[in-house]
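Welcome! Please open the model in your viewer and keep the selection tool at hand; we will walk through it one stop at a time.

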Amino acid sequence: MANTSVIRLEQVGKVFEQKKQRFQALKQIDLTVESSEFVVIAGPSGSGKTTLLNLIGLLDQPSSGKLFFNGRDLSQCSSTELAQLRRDQIGFVFQAYNLMPVLTALENTEMVMEFRGMAADKRRAAARKTLTALGLGELMDRYPDQLSGGQQQRVAVARAVAGEPMLVIADEPTANLDSRTAESLMDLMSQLNREHGITFIFSSHDPRVISRAKRVISLCDGSIVSPVSQAVEFSHAV
Ligand SMILES: Nc1ncnc2c1ncn2[C@@H]1O[C@H](COP(=O)(O)OP(=O)(O)OP(=O)(O)O)[C@@H](O)[C@H]1O
């Protein structure tokens, strides 16, 4: 089957306006990410990585240009349709994990599938399977404050991937992790990408993440500065 674009941006710009200040955070971005890609958006602090991820994750809207998700022109979608797409097709791993403190690891992992209206037995089975695959089989009934930072990060990944979304977006996924945990998290995401064909888009300035990407998109001052049409292969050795 031919590759389908998960995300396509055409001449996308993003301007933030505060009081009388106008700041162009993204400038005329052209970018296509195909199904099953494993992409890192790299660049220095302030280059626009989070702004770009927020657009790709349908959390924010461009000021100019066009954004397509799975072939759909998002400017034609209502806010309800955008919310449904986010819920059903996209998994998010936030830097701050954003786990619910009053829910166990298992309940946190089930949460997004519950929002989707999946039957309780199905979502519980999917959450158990994913947590076990992530090495958290024995810790499913613990609350976030009973888990280490790395374990919480794994629960956040489990929550993002358990419902097998089309796309997983991770903002600086290794920012708070030690080298070993960061390495195993990247192993896990590569495996999910290879075995389940889930498309991953990360933002990072961590060389450990960038070296594992199949394609790196470099941002500088809101513009893409690396070739985007060709996959860039990096050695796995850092
Ligand atoms: N809501 C906002 N209002 C005004 N300016 C903003 C807003 N969000 C981001 N910016 C500005 O846009 C630019 C890009 O920010 P962004 O957070 O996307 O960068 P980044 O590459 O993710 O940085 P970091 O690596 O430090 O997280 C920065 O100069 C930032 O100050």
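Before the first stop, one term: two strands count as paired if DSSP finds at least two bridges between them. Keep in mind, too, that this is a predicted model.

**Stop 1: a pair of strands.** Select residues 38-42, which are strand 3, and residues 199-204, which are strand 8; these two run parallel and are joined by 5 bridges. Now pick out valine 39 and look across to strand 8, where isoleucine 201 stands opposite.

**Stop 2: the whole sheet.** Widen the view to the open sheet of 6 strands, whose order is 6-7-8-3-9-10 and whose pairing is mixed. Which strands stand at the edges? They are strand 6 (90-93) and strand 10 (223-224); each has a single partner strand, so one side of each is left without a neighbour in the sheet.

**Stop 3: helices on the sheet.** Add residues 49-56 to see helix 1, which lies across strand 3, strand 7 (167-171), strand 8 and strand 9 (215-220). Helix 1 runs at about 155° to strand 8. Next, show residues 149-161: this is helix 5, which packs on the sheet and touches strand 6 and strand 7. The direction of helix 5 makes about 170° with that of strand 6.

**Stop 4: two helices together.** Keep helix 5 and add helix 6, residues 179-196; the two pack at an angle of about 15°, with their axes 11 Å apart. Angles under 35 degrees count as roughly parallel, so helix 5 is roughly parallel to helix 6. To see the contact, show Gly150, Gln153, Val157 and Val161 of helix 5 with Thr181, Leu185, Leu188 and Leu192 of helix 6. By class, this contact has 5 nonpolar, 3 polar and no charged residues.

**Stop 5: around the ligand.** Which element gives the largest share of the shell around the ligand? Helix 1 does, with 3 residues. Strand 1 (5-18) and strand 2 (21-34) each supply at least two residues as well. Among the residues to select here are Phe16, Phe23, Gly48, Lys49 and Thr50. Coloured by class, the shell has 3 nonpolar, 8 polar and 1 charged residues.

**Stop 6: a hairpin.** Finish by following strand 1 to strand 4 (residues 64-69), its antiparallel partner over 5 bridges; leucine 9 has leucine 67 as its bridge partner there. Strand 4 also pairs with strand 5 (residues 72-73), in the antiparallel sense, over 2 bridges. In their hairpin, 2 residues lie between the strands, and asparagine 70 takes a positive phi near 50°.

Methods
Residues are numbered from 1 along each chain as its sequence is written. This is a predicted model: local features need pLDDT of at least 70, side-chain atom pairs count only at pLDDT 80 or more; totals for chains, interfaces and linings use all residues. Helices (H or I, at least four residues) and strands (E, at least two) are DSSP runs, numbered from the N terminus. Two residues are in contact if their C-beta atoms, placed from the backbone, lie within 7 Å. Axes are lines fitted to C-alpha atoms, for helices over the stretch in contact, and angles run from 0 to 180 degrees between N-to-C directions. A residue is near a molecule or strand if its C-beta atom, placed from the backbone, lies within 6 Å of it. Ala, Val, Leu, Ile, Met, Phe, Trp, Tyr, Cys and Pro count as nonpolar, Asp, Glu, Lys and Arg as charged, and the others, Gly among them, as polar. Angles under 35 degrees count as roughly parallel, over 145 as roughly antiparallel, 65 to 115 as roughly perpendicular and the rest as oblique.
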